[in-house]
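Visitor: I'm new to this structure, and I'd like a close look at a single part of it. Could you pick one helix, show me what surrounds it, and then help me place it in the whole chain?

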Amino acid sequence: MLTAAGCAGAGGDLAGPDENLVLVTNQPNASFDPPLMRVGPQSLYWQAVYDTLLHSDVDGEPLPGMASAWSYDESKLNLTLTLREDITFSDGSVFDAAAVKTNVDHFVATPGPNGPMTSAIESVEVTGPHQVIIRLRQPDPGLLINLSSTLGAMAAPAAIARGDLATAPTGSGPYTFQASQSSAERKVYHRNTAYVDPAAYPFDTLEIKYFADVNPVLNQLKTGQVDAAMVRATVTEELEASGVDVISGSAEWAGLLLFDRAGVSIPALGDVRVRQALNHAFDRDYISSITDGNPVPTAQIFNAESIAYDPALEDHYEYDVDKAKSLLADAGYGGGFTLPLPDLSAILGPAINKTIDQSLNAIGVTVDWQRASPTTMTSDIASGKLPVALFQLAANTPWQTITNSVAPSAGYNPLRTETPELNALIDRIRIASGPEESAAAYKAVNRYVVENAWFVPLFRPGKYFALTPGITTEYQLAGSVPDLSRFQPVQK
């Protein structure tokens, strides 16, 4: 592989990557239209073509992006953004305040997977050629981080008007999409020479390949044909023995999502004692020991690095079969009940099904495994078809976790469960006056969700990226995969 002449902008001599960065992910791209774009592994596709109003550091704190400055008023209902004046879109049009309004209005008006990001937005007001105010109905602690994600991805207004963004993105990001060289399994990008910060992306071309099964990629990693790829824990030792570096992060949790907390289709789940019994039924340490990568056992859905995490809650549901049986009997289900559960062993591994069967059978609950497709599971959940699912969800910033899984409008709260007590706790986060008050409010939400057994978290699976020599990256709190900007050449 040739040393990249085009990488000199990053500073210093490089350890050997060429001018082309080749990444492999385990999901195809859903869309390039910002309201319809997906986060997680699919972020890499759109981060190539769109810059965002704000950026974020590894801890999820906001940094300047297309907006050079921002500030809230005292009410936290009005966010003023001051925009850079030197940005143009790849079609030659100028980025300005009117473009921001067009983009945010389009996002609000278009139903999509990230709809909760706009739930607090009332309007966008242009107050100058390069200044806007985003006006909110209620304080939104996640707005700044969302402006570094899909909500902040800015497309050229003319492309929005044409309605072809899904397949023909026009942004101001570091690369331009090459549709003629691309396919469903391979996206190709060339450097955008007008990008305002070229040193941040030191590769002249980018390829992102989709493989549902990483095994065909292993030899390509070993030979340097691929620079970085998402891989499973089971192959990390083999790769490291071949000189391939592997980094890991843990920004997800896996377990049972108990959507039917009102007991509409499964009456038993409407009783908190039943949901608590399900939590006591599992030996989380054992489950983690037999799961690929030996993930960390957990009883809570919030990221262990976030201010919402409470170590004391990890002991709230000790493995206790007798207690689980007693809770079921108190709830009137001493004879047990049947729990339908979609079979996702293709993702989480076959051992998990056997363990769930044994654990629930031990307390009198019979699992009815049902055929499920990993590719349609997200849409099936969103439609409200499933009363419960065995699934794996992101656990990024604490507010993202709330808006993703807990709030009444959350995508993974499809049956819209809410209580006045929990709503009040969430409102405390919105109006928190400082870090200590904010941390206490987040922990209170976490404790409520755990004590009322909204979920049955089991473990925190590791996410692994394999890197050929000469490439480095790092995970950040606000994302289950590293941002595209974090893939960099190693300095000699």
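Guide: Here is a walk that starts at one helix, moves out to its surroundings and ends with the chain as a whole.

Before we set off, keep in mind that this is a predicted model. Our helix is α13, which covers residues 398-406. Is it enclosed or open? Eight of its nine residues are buried, so α13 is largely enclosed by the rest of the structure. The buried ones are Pro398, Trp399, Gln400, Thr401, Ile402, Thr403, Ser405 and Val406.

So what do those residues pack against? Their partners are three helices, α3 (143-146), α14 (420-430) and α15, along with two strands, β17 (388-394) and β18 (455-460). Let's follow a couple of those partners outward.

Take α15 to begin with, which spans residues 435-451. Serine 438 sits in this helix. With a relative accessibility of 15%, serine 438 falls under the 20% cut-off and therefore counts as buried. If we skip its neighbours within four places in sequence, serine 438 is in contact with Ile307 and Ala432.

Stay in this area for a moment and look at aspartate 310. It belongs to the loop between β14 (296-297) and α9 (321-330). Aspartate 310 is buried as well, because its relative accessibility is 14%. Leaving out residues up to four places away in sequence, aspartate 310 touches Gln300, Asn446 and Arg447.

Now go to the loop that joins α15 and β18, both of which pack against the buried residues of α13. Alanine 453 lies in that loop. Here's something to look for in the backbone: most residues other than glycine have a negative phi. Alanine 453 has a positive phi of about 50° although it is not a glycine. Alanine 453 is also buried, with a relative accessible area of 0%.

You can compare that with lysine 76, found in the loop between β4 (67-72) and β5 (78-83). Lysine 76 is not a glycine either, yet its phi is positive, at about 60°. Is lysine 76 covered up like alanine 453? No: at 32% relative accessibility, lysine 76 counts as partly exposed.

Another partner of α13 is α3, so let's head that way. The loop between α3 and α4 (157-162) holds leucine 147. At 0% relative accessibility, leucine 147 counts as buried. Its contacts, apart from neighbours within four places in sequence, are Thr52, Leu53, Leu54, Leu79, Leu81, Ile134 and Gly152. Leucine 147 and glycine 65 are 82 residues apart in sequence, but their C-alpha atoms are 9.4 Å apart in space.

With the surroundings of our helix in view, we can turn to the nonpolar interior. The largest nonpolar core has 61 residues, and Phe95 and Tyr189 have the most contacts inside it. Helix α2 (residues 97-109) gives this core its largest share, five residues. A second, separate core has 31 residues, including Ala268, Leu328, Ile356 and Leu458.

What does tyrosine 189 touch? Apart from neighbours within four places in sequence, its contacts include Phe32, Tyr45, Val49, Tyr175, Phe177, Leu206 and Ile208. For a contrast, find threonine 193, in the loop between β9 (186-191) and β10 (205-210). Threonine 193 has a relative accessibility of 76% and so counts as exposed. From the C-alpha atom of threonine 193 to that of valine 246, 53 residues away along the chain, the separation is 32 Å.

Finally, step back to the whole chain. It contains 15 helices and 21 strands. Its radius of gyration is 23 Å, close to the 23 Å that the globule rule gives for 492 residues, so the chain is as compact as a globular protein of that length. Its C-alpha atoms fill a box of roughly 70 × 55 × 40 Å along the principal axes. Of the 492 residues, 54% count as buried. Among contacts between residues at least 6 apart in sequence, 67% join residues at least 24 apart.

On the outside, the accessible surface comes to about 19700 Å², and 50% of that belongs to carbon and sulfur atoms. As for charge, there are 31 positive and 55 negative charges, with mean positions 4 Å apart.

Definitions and conventions:
Residues numbered from 1 in each chain as written. Predicted model: local features only at pLDDT ≥ 70, side-chain atom pairs only at ≥ 80, totals over all residues. Heavy atoms only, no water. Helix = DSSP H or I, 4+ residues; strand = E, 2+ residues; numbered from the N terminus. Buried < 20%, exposed > 50% of the residue type's maximum accessible area, 1.4 Å probe, protein only. Contact = heavy atoms within 4.5 Å. Core = buried A, V, L, I, M, F, W, Y, C linked by side-chain atoms within 4.5 Å. Rg over C-alpha atoms; globule rule 2.2 N^0.38 Å. Areas by Shrake-Rupley, 256 points an atom, 1.4 Å probe, with all protein chains shown as cover. Lys, Arg positive; Asp, Glu negative; His and termini not counted. Charge placed at Lys NZ, Arg CZ, Asp CG, Glu CD.
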